[in-house]
Amino acid sequence: TFAVHQKDISHWVDVFFILFKNAISKSGLQKQKLKINVQLIENGNCFQIICSNSVLTPSNIEAANEDLQFYKDAYGNEELIRDVIQEEGGTGFFRIWKILQKDLGIEHSIELGYDNDKFNVCLSLAKKEGTYSNENINS
């Protein structure tokens, strides 16, 4: 069981909304052909949120993954992220960083990339008491 404290629900809704919106808008597929799979996995001292969605397979997967390098390099760079978020629309991955790091105070990392006809996002979250856990949270 993955339990979330009531006061943090809106933040988690935002994280999942961003993941789903990104899957829908960036897949290159019609909505009826899009498949999204989300897994929550307890892995030692962290939880992983893995979101995979079907995509129109890039003609060059290696190049498509290289195009993601900016997001990988900039993720966690607060100054750069602040500038990007302030631009109209910002970017979903950096908004996720802000929610997890600043709003919820959760240390985490992200992995993202194409794997044939799938796009995968893996958020690895350090366990943090009082924010979420695999136990029931009271009050």
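**Exercise 1.** Determine how many residues make up the largest nonpolar core of this predicted model, and which elements supply them.

*Solution.* The largest nonpolar core of this predicted model holds 27 residues, and the members with the most contacts inside it are Trp 12, Leu 19, Tyr 75, Leu 100, Val 121 and Leu 123. Turning to the elements, at least two residues of this core come from each of helix 1 (9-26), strand 3 (46-54), helix 5 (92-103), strand 4 (108-115) and strand 5 (118-126). Among the contributors, helix 5 gives the most, with six residues.

**Exercise 2.** List the residues that Val 121 touches, leaving aside those up to four places away in sequence.

*Solution.* With those residues not counted, Val 121 touches Leu 19, Ile 49, Ile 50, Cys 51, Phe 93, Ile 110, Glu 111 and Leu 112.

**Exercise 3.** Place Gly 105 in the chain, classify its accessibility, and find what it touches.

*Solution.* Gly 105 belongs to the loop between helix 5 and strand 4. Its relative accessibility is 36%, so Gly 105 counts as partly exposed, since this class lies between under 20% for buried and over 50% for exposed. Not counting residues up to four places away in sequence, Gly 105 touches Leu 100 and Lys 128; the C-alpha atoms of Gly 105 and Lys 128 are 8.5 Å apart, although 23 residues separate the two along the chain.

**Exercise 4.** Describe the backbone angle phi, the location and the accessibility of Asn 116.

*Solution.* Asn 116 sits in the loop between strand 4 and strand 5, and its phi is near 55°, a positive value in a residue other than glycine. Because its relative accessibility is 49%, Asn 116 counts as partly exposed.

Conventions:
Residues are numbered from 1 along each chain as its sequence is written. This is a predicted model: local features need pLDDT of at least 70, side-chain atom pairs count only at pLDDT 80 or more; totals for chains, interfaces and linings use all residues. Side-chain values use heavy atoms; hydrogens and water are left out. A nonpolar core is a set of buried Ala, Val, Leu, Ile, Met, Phe, Trp, Tyr and Cys residues joined through side-chain atoms within 4.5 Å. Buried means under 20% relative accessible area, exposed over 50%, partly exposed in between (1.4 Å probe, protein chains only). Helices (H or I, at least four residues) and strands (E, at least two) are DSSP runs, numbered from the N terminus. Contact means heavy atoms within 4.5 Å.
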